[in-house]
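Got the viewer open and a selection box ready? Let's take a walk through this one, stop by stop.

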Amino acid sequence: MAGEAGVVVANAAEGSGSWTSSSGQTKLSIYPTPIPELMLLDTPSALEKRIGMVRREITGYYTGVHSKAQGIIDRWISVEEKVETRIKSFRDPTEPLNPGLLYTGISALTTSVLTRSRGLPTRILLPSAALASAFVYFLPGTASRVGAYAEELEDRYVPRFGEIRRTSVAHSSIAWERAKEGAATGRESVNNGVKSVVESIEQGTGLKLKAMGWAQEVKKEAQSVADVAQKDIKEAFESKSSSSDSEDSKRMV
């Protein structure tokens, strides 16, 4: 009996829900048995894992494509803004673009129509030259800004070509100035030669050719004045005759 009491006390101290006697029989405890806690573990299947992996790959691919497309769009918008800003910087605020551009296009189109039956070099060069000439004539300020930008691009990308072009332009301008100076000198020498010939003829014959030339000029001026006076008298006579005709018609009425 003492042994069984010890077992009961030991089981009670341990808090078990039953106690066992020395005879091996299990008896219910007088305390309520605690309910065990259930823990659910989320263990996805192999199909769910595969579907999730495919979805993540598709989402990553779509995100990459969207990022690349957005980057291309942003770069294109930046290029458009730069081009728009550059085109606006070409405009001279003191020049109206509406008639100038219209006249420039009409000049190029007219030249193209006139040269359509010519050779290929003529059909290519003349309309381009007409376009550039009309653009410089009707919009000189805008053309100057466009030329400055073209020179800037030329110095940036093809500096050697720019040097050759500027050198050729400088040589051409120098040759043109020399040609004008030569023409002026030749004209002056011809005038001096004619003057010396006239003076020698005057000295040899005694005729006053210079005076005759001046008299001829005075005669031309007098003739022009007489023509103008005659025209005015004729107009006055016609107006007087028309007024007298109108008065006669009134009297008859």
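Start with Tyr-103: select it and show its side chain. Tyr-103 is partly exposed, with a relative accessible area of 42%. Keep in mind as you click around that this is a predicted model.

Now add Phe-138 to the selection. Phe-138 also counts as partly exposed, at 34% relative accessibility. Where do these two residues sit? Tyr-103 is in helix H3 (residues 97–114) and Phe-138 is in helix H4 (residues 120–138), 35 residues apart, and the pair links distant parts of the chain. Bring Tyr-137 in as well, and you have a cluster of Tyr-103, Tyr-137 and Phe-138 joined by ring pairs.

**Zoom out: the whole chain**

Before going further, colour by secondary structure. There are 7 helices and 2 strands, and from the N terminus the order reads α-β-β-α-α-α-α-α-α. Switch to a surface view next: of the 253 residues, 8% are buried. If you have a contact map handy, look away from the diagonal: among contacts with a separation of 6 or more, 38% are between residues 24 or more positions apart.

**Colour by pLDDT**

Which parts deserve caution? The mean pLDDT is 75, and 68% of the residues reach 70 or more. Among the elements, helix H2 has the highest mean, 90, while helix H1 (residues 2–14) has the lowest, 44.

Select residues 1–19: pLDDT stays under 50 there, and the model gives this stretch 17 contacts beyond four places in sequence. Then jump to residues 247–253, where pLDDT is again under 50 and the count of such contacts is 0. Where pLDDT is low, the predicted coordinates should not be read in detail. Hide both stretches if they clutter your view.

**Aromatic stop**

How many aromatic pairs does a search of the whole structure find? It turns up 3. Pick Phe-90 and Tyr-149 for this stop: their ring centres are 5.3 Å apart with 55° between the planes, which makes the pair tilted. Phe-90 belongs to helix H2 (residues 46–90) and Tyr-149 to helix H5 (residues 140–157), so this pair ties together parts that are 59 residues apart in sequence.

Is Phe-90 buried or exposed? Phe-90 is buried, at a relative accessible area of 16%, whereas Tyr-149 is partly exposed at 24%. Now flip back to Tyr-103 and Phe-138 and put a distance label between the ring centres: they are 5.2 Å apart with the planes at 55°, so that pair is tilted too.

**H2 against H5**

Stay with the helices that hold Phe-90 and Tyr-149, and draw their axes. The axes of H2 and H5 come within 8 Å and cross at roughly 135°, so the two helices are oblique to each other. To see who does the touching, select Arg-86, Ser-89 and Phe-90 on the H2 side, and Thr-142, Arg-145, Val-146 and Tyr-149 on the H5 side. Colour that set by class and you get 3 nonpolar, 2 polar and 2 charged residues.

**H4 against H5**

Next, swap H2 for H4. The axes of H4 and H5 are 5 Å apart, at an angle of about 120°, so H4 and H5 are oblique to each other. The H4 side supplies Phe-135, Val-136, Tyr-137 and Phe-138, which meet Pro-140, Thr-142, Ala-143 and Val-146 of H5. What is the make-up by class? This contact has 7 nonpolar residues, 1 polar and no charged ones.

Notice the overlap with earlier stops: Tyr-137 and Phe-138 also appear in the ring cluster with Tyr-103, and Thr-142 and Val-146 are among the H5 residues that meet H2.

**Last stop: H3 and H4**

Select Thr-111, which is in helix H3. Thr-111 is buried, with a relative accessible area of 19%. Which residues does Thr-111 touch, leaving aside its neighbours within four places in sequence? They are Leu-126, Pro-127 and Ala-130.

Finish with Ser-133, over in helix H4. Ser-133 counts as partly exposed, at 48% relative accessibility. Draw a line from its C-alpha atom to that of Ser-107: the label should read 9.1 Å, for two residues 26 apart along the chain.

Notes: Residues numbered from 1 in each chain as written. Predicted model: local features only at pLDDT ≥ 70, side-chain atom pairs only at ≥ 80, totals over all residues. Heavy atoms only, no water. Phe/Tyr/Trp six-rings, centres within 6.5 Å; stacked < 30°, edge-to-face > 60°. Helix = DSSP H or I, 4+ residues; strand = E, 2+ residues; numbered from the N terminus. Buried < 20%, exposed > 50% of the residue type's maximum accessible area, 1.4 Å probe, protein only. pLDDT = per-residue confidence, 0-100. Contact = heavy atoms within 4.5 Å. Axes fitted to C-alpha atoms, helices over the stretch in contact; angles between N-to-C directions. Parallel < 35°, antiparallel > 145°, perpendicular 65-115°, else oblique. Nonpolar A, V, L, I, M, F, W, Y, C, P; charged D, E, K, R; others polar.
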